[in-house]
Amino acid sequence: MTAKGNRNTIENQVKACRQLARRFDYERYLATLFASRQYREALWILLAFNAEIARTREIVSEPMIGRIRLQWWREVVDAAVANGPVRAHEVAAPLTAAIRCDRLDPLLLSELIDGRERDLDDTPIPDVASLLDYADKTGGVLMAAMAMATGATGAQSEMRSLGQGWALTGLLRAAGFQAQQGRQMLPVSLLRDAGADTRDLLQQRSTDGVRAAAASVATMARDALTAAVVTGQPSDRLMILKPVAAMYLDRLTASGFDLFTSRVPPGPARILWIMLAARWFGRGI
């Protein structure tokens, strides 16, 4: 293949990653547009990779197939580090290139894959510690990887806090969808202490106990967001996600922590305005 052909292939692969990021992770994709131009391609590749592994639970017919799929991605990362063969896949190939150019951290990518193993287990989350661990291994690790992709040399703790808050907020937003899948991500201990039952959650009954448990998780999300502060690193530009998460938590609070009643989602224009206000005026950061 000619040099021009190689260039076109790489450009097409990055374009495909950008489209995947926009389709499956729209708000974090919007945040990447505020990063410096030279870092955006790595961020799109990272978000596309995350979308591939995060959707595993939804697209496989049984847990064993899901584990095989995650193992395939582990081998992609390992081969990239070991200078092994490049998989012919629209995300795997640019991911390999980004790892070999030191634009993405393979250790964090491996952590993300490990974190997604929990999605293949329908056992309810037992307690708060397990919930926070899951939020860290998914959202927290992803945000740390995004920070490193922007060239940040520090701020790992702050960015992981942002990712944890975003992940906890996302779990609350997705509670109804997860219930339809037979999954419940609110800790059993919180439900029990509030006088609720896991069946209330799975049957989408917005009981007082379910609302109380949701309120507790929302408080955890707000605490994590509060711990996410700017540090003077290039990753600060990604902090525009913080007021977006706060907006979703405010909407949930206004509903009395009703997880199941459908609400009109905020349009792209509103989300973009929140991000612009955060970027230029520091609002919500």
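Here is a short exchange about the packing and salt bridges of this predicted model.

The model is predicted, so local features need pLDDT of at least 70 and side-chain atom pairs count only at pLDDT 80 or more, while totals for chains, interfaces and linings use all residues. Residues are numbered from 1 along each chain as its sequence is written, and side-chain values use heavy atoms, with hydrogens and water left out.

Reader: Which helix gives the most residues to the largest nonpolar core?

Author: Happy to start there. A nonpolar core is a set of buried Ala, Val, Leu, Ile, Met, Phe, Trp, Tyr and Cys residues joined through side-chain atoms within 4.5 Å. The largest one has 88 residues, and Phe-49, Leu-95, Leu-104 and Leu-259 have the most contacts inside it. With 11 residues, the top contributor to this core is helix α8 (residues 128–149).

Reader: Is Thr-138 buried or exposed?

Author: Buried means under 20% relative accessible area, exposed over 50%, and partly exposed in between (1.4 Å probe, protein chains only). Thr-138 is found in helix α8; helices are DSSP runs of H or I with at least four residues, numbered from the N terminus. Among the residues that Thr-138 touches are Leu-112 and Ala-167, where contact means heavy atoms within 4.5 Å. Since its relative accessibility is 4%, Thr-138 counts as buried.

Reader: How many residues apart in sequence are Arg-160 and Asp-136?

Author: These two form a salt bridge, with the closest N and O atoms 2.8 Å apart; the term means a side-chain nitrogen of Lys or Arg within 4 Å of a carboxyl oxygen of Asp or Glu. The pair links distant parts of the chain, with Arg-160 in helix α9 (residues 156–173) and Asp-136 in helix α8. Asp-136 is buried, at a relative accessible area of 17%. In sequence, the partners are separated by 24 residues.

Reader: Which parts of the chain do Asp-258 and Arg-211 tie together?

Author: Their side chains meet in a salt bridge at 3.9 Å, N to O. Asp-258 counts as buried at 9% relative accessibility, whereas Arg-211 counts as partly exposed at 25%. The pair ties together parts that are 47 residues apart in sequence, because Asp-258 lies in the loop between α14 (241–254) and α15, and Arg-211 in helix α13 (residues 208–227).

Reader: Which residues are linked in a network of salt bridges?

Author: Good one to finish on. The count comes to 18 salt bridges. Some charged residues are joined in a network, and its members are Arg-67, Arg-74, Asp-114 and Glu-117.

Terms used
Helix = DSSP H or I, 4+ residues; strand = E, 2+ residues; numbered from the N terminus. Lists of a residue's contacts leave out its neighbours within four places in sequence.
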